Amino acid sequence: MTQIDFNRLPTPCYVVDEGLLRRNLELLHSIETRTGCHILLALKAFSMYSTFPLIARYLDGVTASGLLEARLGYEEMGKAVHVFSPAYSEDEFDEIIGYCGHIVFNSFDQWRRFAPKIQASGKQISCGIRINPGYSEIETDLYNPCFQNSRLGVTLERFEPEALDGIEGLHFHTMCEQNADTLERTLAVVEEKFGRWLGRMKWINFGGGHHITRPDYDVERLVRCIEHIQDTYDVEVYLEPGEAVALNTGFLVAKVLDVVENGMNIAILDTSAACHMPDVLEMPYRPQIIGAGIPREKAYTYRLGGPTCLAGDIIGDYSFDQPLFPGKRLVFCDMAIYTMVKNNTFNGMNLPSIVLHHEDGTDEVVKRFGYEDFKARL
């Protein structure tokens, strides 16, 4: 991988390293090659379409959460487009049909409502039902599709075998940033509850949440899981990771605007947790900064905050070898996923520029934002 010169980049900016992205894609593609499964990019985590030509060389397509993502995948990647939504709108469904080859429904009522439109379109679309196996190892309800009274997926009690005519696949998504051992245990529950109908299907989709490109991920166990399902039920297997595609490939470059003191040193940056990395507040989690440590690990400890009026716009406490000062650049790690797709312009905060660091060492500023981008949303 080439060395990025963060000092020559605008701030704030997201920068994605093409070489690191390719490394992830090569691993994912090796799993496709070994097993014959299909791996799709989940656009809800990473939609930087300037990277789609590269991604298309390794993965089979995209999975979308609705009309706009489906259109983006269709127009910018040009490969398979799958879609799942908890409920589809009558006003959008005809257009969705035009973009998608696979459509997954969240209920049998939605399937019955829209099946005539699919049949009338004359287009060959493979339809599926999302199931809820009632089993998940996600501890935070906000991210747990199987928590009590979840709206996501059909439970065994509400499953309608008599309504499966025309349904070619089952889909489940119960994982978040987890390893293959979680998938293995989940599949055991899926087989126990829904296995009797899998033999009637053409495919099964394992959903997302597979942290395949994490260093400690058990790839061999994943391969065994895929091959077991394929061999037992004679179905195609799909996976739709989002994070795993761009995990640890991106950075957010920011600079210090001011340093104030109120019981401790506080550095105000030109980037915002609330606007530019909302998962810091929503999850919450503490992003890594190159060269920084935990509080008091190094000589100088600072609380890092954004420039918005939100009192809680705090990124976290970090320590540094040298004092921070206005103009000092800080580089946050793993900032490709769930950043560009979730950021916002609260307080009129401008969005970070988007930069692609090419493998030849050059940096391409893909997008700069300004007043018109802010105004156009309102």
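**Exercise 1. Overall build of the chain**

Task: State what share of the 378 residues of the protein chain counts as buried, and how the radius of gyration compares with the globule rule.

Solution.
Step 1. Of the 378 residues of the protein chain, 53% are buried, where buried means under 20% relative accessible area, exposed over 50%, and partly exposed in between (1.4 Å probe, protein chains only). The model is predicted: local features need pLDDT of at least 70 and side-chain atom pairs count only at pLDDT 80 or more, while totals for chains, interfaces and linings use all residues. Residues are numbered from 1 along each chain as its sequence is written, and side-chain values use heavy atoms, with hydrogens and water left out.

Step 2. The protein chain has eleven helices and 16 strands; helices (H or I, at least four residues) and strands (E, at least two) are DSSP runs, numbered from the N terminus.

Step 3. The radius of gyration of the protein chain is 22 Å, close to the 21 Å from the globule rule for 378 residues, so the chain is as compact as a globular protein of that length. The radius is taken over C-alpha atoms, and the rule is 2.2 Å times the number of residues to the power 0.38.

Step 4. Along the principal axes, the C-alpha atoms of the protein chain fill a box of roughly 65 × 45 × 40 Å.

Step 5. Among contacts in the protein chain with a separation of 6 or more, 68% join residues 24 or more positions apart; a contact means heavy atoms within 4.5 Å.

**Exercise 2. Surface and charge**

Task: Give the accessible surface of the protein chain and the distance between the mean positions of its positive and negative charges.

Solution.
Step 1. The accessible surface of the protein chain is about 16900 Å², and 48% of this belongs to carbon and sulfur atoms. Areas come from the Shrake-Rupley method with a 1.4 Å probe; for residues, only the protein chains shown count as cover.

Step 2. The protein chain has 35 positive and 53 negative charges, and their mean positions are 2 Å apart. Lys and Arg count as positive and Asp and Glu as negative, without His and the chain ends; each charge is placed at NZ of Lys, CZ of Arg, CG of Asp or CD of Glu.

**Exercise 3. Strand β2**

Task: Work out whether the faces of β2 are covered or open, and which strands pair with β2.

Solution.
Step 1. Five of the five residues of β2 (residues 38-42) are buried, so this strand is largely enclosed by the rest of the structure.

Step 2. H38, L40 and A42 are buried on one side of β2, and I39 and L41 on the other, so that both faces are covered.

Step 3. β2 pairs in the parallel sense with β9 (residues 236-239) over two bridges; pairing requires that DSSP finds at least two bridges between the strands. I39 has L239 in β9 as its bridge partner.

Step 4. β2 also runs parallel to β3 (residues 61-64), joined by three bridges, and L41 is partnered by V62.

**Exercise 4. From β10 to β12**

Task: Trace the pairing of β11 with β10 and with β12.

Solution.
Step 1. β10 (residues 250-261) and β11 (residues 265-269) run antiparallel, joined by five bridges. E261 stands opposite N265.

Step 2. The hairpin of β10 and β11 has three residues between the strands, and G263 there takes a positive phi near 80 degrees.

Step 3. β11 and β12 (residues 300-305) run parallel over four bridges, and I268 has G305 as its bridge partner.

**Exercise 5. Two neighbours in a loop**

Task: Classify L152 and G153 as buried or exposed, and list what each touches beyond four places in sequence.

Solution.
Step 1. L152 lies in the loop between β6 (126-130) and β7 (167-171), and G153 is found in the loop between β6 and β7 as well.

Step 2. L152 is buried at 16% relative accessible area; G153 is buried at 14%.

Step 3. L152 touches F84, P86, N106, R130, N132 and P145. G153 touches N106, R130, I131 and N132.

**Exercise 6. Backbone details**

Task: Locate the cis peptide bond before P12 and the one before P284, and describe phi of Y338.

Solution.
Step 1. The T11 to P12 bond is cis, with omega near -10 degrees; P12 is in the segment before β1 (13-17).

Step 2. M283 and P284 are joined by a cis bond with omega of about -10 degrees, and P284 is in the loop between α10 (279-282) and β12.

Step 3. Y338, a residue other than glycine, has a positive phi near 50 degrees and counts as partly exposed at 21% relative accessibility.
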